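Reader: I would like to go through this model carefully, one point at a time. Could you take my questions in turn?

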Amino acid sequence: MVSIRGAHQYEEPYSFKQFDVDQWIKQELQLTNPATSQKFKHMWDFCFENSAGAPEQFRCFENAVEMVEILSTLNMDIDSLSAALLFPFLDVKIIRREDIQENFDREIIHLVSSIVRMKEIRQLRAIRNGNATSEQIDSIRRMLLAMVNDFRSVVIKLAERITYLRSLMTAPKEEQVLAAQECFNIYAPLANRLGIGQLKWELEDFCFRYLHPDDYRFIANKLHEKRLTRELYINNFVKNLQMMMDRDHIHANVYGRPKHIYSIWRKMERKHITFEQLYDIRAVRIICKEIADCYNALGVVHSSYPHIAKEFDDYVANPKTNGYQSIHTVVYGPENKIIEIQIRTEQMHNDAELGIAAHWKYKEGSTDKMTAYDQRISWLRKLLTWQQEMSESGEIQEAVRSQIFDDRVYVFTPKGDVVDLPAGSTPLDFAYQIHSDIGHRCIGAKIGGRIVPFTYVLKMGDQVEIITQKEPNPSRDWLNPNTGFVNSSRARTKIWAWFKKQDRDKNIAAGKQILEEELAPLNLSFRDVDDLLIAKYNAHSFDEVLASIGAGDVRINQLVNFINAQFNKPTAKEEDEAALKQIKSHSQTKHSGKKQGEIIIEGVGNLMHTLANCCRPIPGDQIVGFITIGRGISIHCASCEQLQELRNHAPERIVEAEWSADRQNSYTMVLRIIANEHNGLLRDIITVVANEKVSVLNLSSDTKQQIATIDMDMEIFDQDSLTRVINKLKQIPNVIEAKRFSG
């Protein structure tokens, strides 16, 4: 339901001497439990006594009362209300933290401390200058949630920002704009993602008023009424509509709110329409038990109020592409005022608020699948609902700590940008996150101006400065997991790639020797194959190909097969013509019947087939057949590079092929794993493979600079089996990469 809250305004500091605290606690805050009300009254008395004589006392109490009333409408618990009452005095240092520790329990101290920590957001220059990117802004929102381990601190901070914006009504314009930019970029979207619409629209309207005063005044004048009047209108409409639902025995709850000024302006801008063309300045929702109740409720609405036919949408029968379901209609309410009504079931409402079709994703233009951060937001929204039922319980806090906050750490660059890293990251991880060149040239780091070792574990809110030298010179010790210098896979991968590049000359020499030995029996030279191999491996030069051969990145047997296919092409004309004649005859009598077997080859009868060694296809891969001379049909992956060469050479020999539904054989393929070498690595890999019931036919391993490259010949039944194995292997600590290897 819509709640109406006005701000208390006092003209002189002595007003609080006549302020009836007991009546306010009982009537406004509705704290009827004696123990609860006494606890809050104790906090009031503490603040009053400890701020006596301070010139800021009046302003602190005014802000505190406003914050408490905001939180009270959200049914926040007594500790949240007490922390909100105390915070303004702590913020201006009238009351010291030491005094709080002596007089109150750890719960309130923890809450207030978390709110204070969130003030670090104000040092961000990108936000102050109003030129932050959307990615940077989203990182800051994530940082704010991760900086506190109790969601109540976030809600209290939102209430504090509303109070702060309201206090700037007579402040200089520059101060208004700076505050509005910060709140509009950070706190309003945060309230939206938490599903706290009441705080969201207050933040947005204040920010809009300061950032676009002319547009704000234009829309405000167009509305011809004050916000409280509009809210009262909606309240009366909701009350009457609820009575109609109850009269007709429809299980539904009706609630609503008027559209706020910023939302009106945004829709006008987005749809390029005038104010008079808007149909949803006032909005009402009807939440029903069942779908049948939705249509019954629609019947009541349309029979009671004239509706605008062209504005009717049934997203229940025809859901949106993102899964959103609801019935939308627009009617003329009392005094001929237009009202938009949305009708949906409880499940549809939960899906819209918390699922893939969440309202904030629709508003912010995103339809991606839920990330871990999105899931955390969903949990926070649910907790805000549970708060109404469990406000006196400690279960909420434990749920937050154990299930919401993921293992991330957010730190600052010297310029105030936020960097998101895995928990446990070090200064070297930070350096490589910024840029690989910064990491390669790193020789030291400072945290808050103090030099720290590379093994220092970064903490939330640290400001990190990297000390660099002119030339890159990473150490191989950085790759050793036992040293603790780097803990992120991103940093390890970049360091490993740097050393691989440094070993290029040695790898070129080794690759040259290997290729010479393979080309000698074929009577071929480098000049004969260089252009072919450069094109095949998409290399920039022949030296790059040789370096890949020397490093073991290219399987030499597959390379030799490729060269053989290029230089030993079939010349038996009679066999060639016979094969083509057979293809032609089968093509003319092509049938749709499926033959039993592992692979079905359309139009080619019972010709024998083999799986190509160059790509080793397995069920699940798209496959294509190539008619060889005297060896039946060779089955390739559709993406096989060697197949492309064959297609260019003899396109008439390409035939369609597909896997049979009744296949039962296993297939061999090569899986390559790259990982940081450590004790037990091979044991962990074999354990994963054994648990997936996959047979290993052969295994080879090579270790260079603490990086292990492991190739496993495996028996696989289909693509799904392979995918499961790869996903499990990637979860092993220190595994950098696991992929199917085809040379």
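Reader: What span does helix α11 reach from its first C-alpha to its last?

Author: This is a predicted model, in which local features need pLDDT of at least 70, side-chain atom pairs count only at pLDDT 80 or more, and totals for chains, interfaces and linings use all residues. Residues are numbered from 1 along each chain as its sequence is written, and side-chain values use heavy atoms, with hydrogens and water left out. Helices here are DSSP runs of H or I with at least four residues, strands are runs of E with at least two, and both are numbered from the N terminus. Helix α11 covers residues 197–211, and its span is close to the 21 Å expected for 15 residues (1.5 Å times one less than the number of residues), reaching 21 Å.

Reader: How many residues of α11 are buried?

Author: Buried means under 20% relative accessible area, with exposed over 50% and partly exposed in between, for a 1.4 Å probe and protein chains only. The buried residues of α11 include Trp201, Phe206 and Tyr210, and also charged-type names such as Lys200 and Glu202. The helix is mostly covered, the buried count out of its 15 residues being 12.

Reader: How are α23 and α24 oriented to each other, and why?

Author: Axes are lines fitted to C-alpha atoms, for helices over the stretch in contact, with angles from 0 to 180 degrees between N-to-C directions. Helix α23 (residues 504–519) and helix α24 (residues 526–536) have axes 11 Å apart and pack at about 115°. Angles under 35 degrees count as roughly parallel, over 145 as roughly antiparallel, 65 to 115 as roughly perpendicular and the rest as oblique, and α23 and α24 are therefore roughly perpendicular.

Reader: What percentage of the residues in the protein chain is buried?

Author: The protein chain has 743 residues, and its secondary structure comes to 30 helices and 19 strands. By the cut-off already given, the buried share of the chain is 49%.
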